[in-house]
Amino acid sequence: MANINDNYLKLQAGYLFPEIGRRVNAYLEANPDVANSVIKMGIGDVTEPLPEACRIAMSKAIDAQSKRDSFHGYGPEQGYLWLRDKIVAFDYTPRNANVAADEIFISDGSKCDTGNILDIFGKDNVIAVTDPVYPVYVDTNVMAGHTGPTDDNSEYTGLHYLRATEENNFTPDIPADTKLDIIYLCYPNNPTGTVASKEYLTAWVNYAIEHNSIIMFDAAYRDFITDPTIPHSIYEIEGARKCAIEFRSFSKNAGFTGTRCAFSIVPKELQGRAADGSSVSIHKLWHRRQSTKYNGVSYIVQRGAEAVYSEAGQEQTSELIRFYLENAAIIRSSLAELDITVYGGVHAPYVWLKTPDNLSSWDFFDKLLNEANIVGTPGSGFGRSGEGFFRLSAFNTRANVEEAMHRLAVKLTV
Ligand code: MLT
């Protein structure tokens, strides 16, 4: 019999979103008559069609693939330069963030990138995650053998948890006397929907430079930021090129969750340490990893992503973001009318609410599902500090959002 990776046996239950799906399916099996009225505001999956500019570009790319003289086989390992150049010109240069096209690696998703990047890091790093946190950062470290088993609080031994609470505005304190090697930060934040100021990110970058740490900065939701003074990229912070990797995605701004295109940025300055004490370029290792294990995103999809940066694409993606942010505003104001405390949802598609009557996150999940046929995500699924909170995703149709808020008003006020 072949041996397995025993680290997988340390993982708790299922991955959060399939686990929610399992519970919803069990509920629907018992209550088949309400199958059509369940409104899903759990996983952050987009509902609106792909921008027209992207569809036209992909359709043209399919035509090109049908003729020998315009056919494309394997693409360049890091993705097509015409896409990487546009990313630099539109997303980084205007915000004075110094990123070069050859530091961008096009991929099929930030979830994959944040997990895959662990291939190039050793086993003895002190790894910090916020709590609550996007569960992928934790689970991929468990799979890679970077943690021990869970403790009595269902937290993995060996991981350093940075508590994100109401008291600290969901921006955890930077530990003064702990040396962290790898720090995961996600802003605008999933799940709390909150943002980080320039001062806060500067403090992390200074910490990382002082301690030779690497920040894994997940900026998947950056296009939802509506205040230009809030950093959109970690590279807007001086010194970040020496200490940060950034992850970006077209999933949420351009509706690519089912189309798949994302990218990571690994600056050339970034160094790690080999067992013999020498410094090694992280960029070179990631390039080696990606060119060995990955064949890149299809030509057709990269053309679709490039069209995000066309004039029409910019207008259409802005419109999508505006639409989802309006949903978030409707959710926020409806909950506030019910005297429910809400966070997030202003520069992010997630609204983070305090459960009423001190209900536990899962009890509130059950209440919403049973009484209002609404599915959300229990805050405790994102970590211990998420207990007593609940996440509602604004990625939905307007009709569903309005109907869900109407049902909540009826159910939570009787
Ligand atoms: C979420 O709901 O947290 C996101 O959809 C997860 C993801 O993008 O993978």
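**Exercise 1. Find the salt bridge formed by Glu166 and Lys354, and give its N to O distance.**

Step 1: look at the side chains of Glu166 and Lys354, which meet at 2.9 Å, N to O. Step 2: check the rule, where a salt bridge needs a side-chain nitrogen of Lys or Arg within 4 Å of a carboxyl oxygen of Asp or Glu.

Before going on, note that this is a predicted model: local features need pLDDT of at least 70, side-chain atom pairs need 80 or more, and totals for chains, interfaces and linings use all residues. Residues are numbered from 1 along each chain as its sequence is written, and side-chain values use heavy atoms, leaving out hydrogens and water.

**Exercise 2. Describe how domain 1 and domain 2 fit together.**

Step 1: get the bounds. Domain 1 is 12-49 + 312-411 and domain 2 is 54-309, as set by an automatic or database domain assignment. Their C-alpha centres lie 25 Å apart.

Step 2: count contacts. Here 33 residues of domain 1 touch 42 residues of domain 2, with contact meaning heavy atoms within 4.5 Å.

Step 3: get the area. About 3000 Å² is buried between the two domains, and carbon and sulfur atoms give 58% of it. Buried area is the accessible area (1.4 Å probe) that two parts lose on being put together, summed over both.

Step 4: add the salt bridges between domain 1 and domain 2, and you get two.

**Exercise 3. Work out what surrounds the ligand.**

Step 1: list the neighbours, meaning residues with a heavy atom within 4 Å. They are Phe17, Ile43, Gly44, Tyr134, Asn190, Tyr221, Lys252, Tyr350 and Arg391.

Step 2: sort them. You'll find five nonpolar, two polar and two charged residues; Ala, Val, Leu, Ile, Met, Phe, Trp, Tyr, Cys and Pro count as nonpolar, Asp, Glu, Lys and Arg as charged, and the others, Gly among them, as polar.

Step 3: ask where they come from. Each of domain 1 and domain 2 supplies at least three residues.

Step 4: check oxygen atoms of the ligand. Polar side-chain atoms lie 2.5 Å away for Tyr134, 2.8 Å for Asn190 and 2.7 Å for Arg391. Taken alone, the ligand exposes 270 Å², and the protein buries 85% of that.

Methods
Polar contact = N/O pair within 3.5 Å; in protein donor to acceptor, adjacent residues only side chain to side chain. Areas by Shrake-Rupley, 256 points an atom, 1.4 Å probe, with all protein chains shown as cover.
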